[in-house]
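Me: I'd like to go through this model bit by bit, with a few questions on how its parts sit together. Can you keep the answers short and walk me through the reasoning?

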Amino acid sequence: MKSVVWALCLLLPQLAWSEPLHLTVSIMPQKYFVEKITGNTVSVNVMVPPGADPHTYEPKPRQMMELQQSKLYFSIGIEFENIWLPRFKDINTNMQIIPTDQGIPKLGGQIESFEEESDHQHEWLDPHIWLSPLLVKIQIVHMLQALIRLNPEQTELYQQNYQRFQAELDQLHFELQQRFQTAESKTFLVFHPVWGYFAQAYGLTQVPIQIGGKEPKPGQLKMMILAARKQGIHTLFLQPQISSRTADLVSRETGASLIVLDPLAYDWPATLKTATQHICSPHN
């Protein structure tokens with residue numbers, strides 16, 4: 001009996017050591033980033049799960065319970081956080097909130113549209129900074145620094161994975177850049193303007209159907225369709241979180257392929273590569 005107790009005493013510290021760190025992020029692409037740095041050494045709680053709309057989603061009780069175990073919360077600047085981050089902090093006062101969008105200027109000002117009247121331009125502040133590999137390189141610096149502060153014993157592992165991931169980001173950026181250099185068209189339609197940083201990184205133009213977050217009026221929609229036909233725009237991106245008859249109509253009337261693509265998907269490189277493929281090779 002004594003030998004069993006002694007064995008358990010030796011085993012308990014190992015079990016405690018093997019318990020992964022608990023972290024929380026807002027969206028699935030952030031989970032991908034964290035796991036590229038940490039490998040399998042952490043447990044990542046995602047507050048906006050696959051298929052959910054970050055504008056309206058409310059966390060489930062299970063997610064709130066997991067949040068109570070988290071040591072870090074990596075925020076990214078989406079609207080969901082404006083409402084929920086203060087509540088999360090009240091639930092877990094020991095949790096550190098790390099703003100990974102720190103130091104990244106947000107795209108703002110006037111978005112592109114087919115309207116010609118200056119009084120119909122619309123202000124937009126774009127939070128979708130994870131859709132540019134160049135900006136992800138900045139975000140993961142904040143992640144790495146916070147992870148090392150929290151768990152310095154894993155510094156070497158984190159740094160090695162971080163360097164490897166930085167190289168992957170550079171390679172991805174180079175590949176996409178090369179593809180767009182020879183693209184016949186660099187303008188694409190979007191239902192909701194989430195691809196601004198992606199467009200900025202590769203010299204593209206996104207043209208949103210939604211105007212100021214609202215469906216276009218009939219006159220605006222007609223102008224949009226005529227202009228899209230004239231410019232020969234062949235790609236229209238729609239998020240799976242949104243169901244829109246207007247997007248279907250624009251696709252039919254312009255001949256643009258309606259591509260359902262999730263900017264919140266976990267497989268982040270595949271999302272960017274798929275977007276590139278459809279913009280550069282519309283018939284594939």
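**Helices and a pocket**

Reply: Sure, let's start with one pair: helix 5 and helix 6 (residues 155-181) pack with their axes 10 Å apart, at an angle of about 175°. Keep in mind that this is a predicted model.

Me: Which word describes how helix 5 runs relative to helix 6: roughly parallel or roughly antiparallel?

Reply: The angle between helix 5 and helix 6 is about 175°. Anything over 145 degrees counts as roughly antiparallel. So helix 5 and helix 6 are roughly antiparallel.

Me: What class of residue is most of the contact of helix 5 with helix 6 made of?

Reply: Helix 5 brings residues including L134, V136, I140 and L144, while helix 6 offers Y158, Y162, F165 and L169, among others. By class, the contact has 2 charged and 4 polar residues, and the other 13 are nonpolar.

Me: How is helix 2 set against helix 5: oblique or roughly parallel?

Reply: Helix 2 (residues 28-38) and helix 5 (residues 133-150) have axes that come within 10 Å and cross at roughly 55°. Roughly parallel would need an angle under 35 degrees, and roughly perpendicular starts at 65. The crossing of this pair, helix 2 and helix 5, is right-handed. With that angle, helix 2 and helix 5 are therefore oblique.

Me: How many charged residues are in the contact of helix 2 with helix 5?

Reply: On the helix 2 side you'll find Q30, F33, V34, I37 and T38, and they meet V136, Q139, I140, M143, L144 and L147 of helix 5. Sorted by class, that contact has 8 nonpolar residues and 3 polar ones, and the number of charged residues is none.

Me: What about helix 8 and helix 9: is their crossing left-handed or right-handed?

Reply: The axes of helix 8 (residues 218-231) and helix 9 (residues 245-254) come within 9 Å and cross at roughly 40°, so the two helices are oblique to each other. Helix 8 passes helix 9 in a crossing that is right-handed.

Me: Which charged residues does that contact include?

Reply: Helix 8 contributes L221, I225, A228 and R229, and helix 9 contributes T246, L249, V250, E253 and T254. The class count is 5 nonpolar, 2 polar and 2 charged. Since Arg and Glu count as charged, the charged pair is R229 and E253.

Me: Which residues lie nearest the centre of the largest pocket?

Reply: The largest pocket holds about 300 Å³ of space. Its lining divides into 10 nonpolar, 8 polar and 2 charged residues. Of the 20 lining residues, those nearest the centre are D53, P54, H55, H128 and H192.

Conventions
Residues numbered from 1 in each chain as written. Predicted model: local features only at pLDDT ≥ 70, side-chain atom pairs only at ≥ 80, totals over all residues. Heavy atoms only, no water. Axes fitted to C-alpha atoms, helices over the stretch in contact; angles between N-to-C directions. Helix = DSSP H or I, 4+ residues; strand = E, 2+ residues; numbered from the N terminus. Parallel < 35°, antiparallel > 145°, perpendicular 65-115°, else oblique. Left-handed = near helix turned anticlockwise from the far one by under 90°. Contact = heavy atoms within 4.5 Å. 1 Å grid on protein atoms, 1.4 Å probe; cavity = no way out; pocket = protein on both sides within 12 Å on 5 of 7 lines; lining within 4 Å. Points joined across faces, edges and corners; volume = space filled by probe spheres on them.
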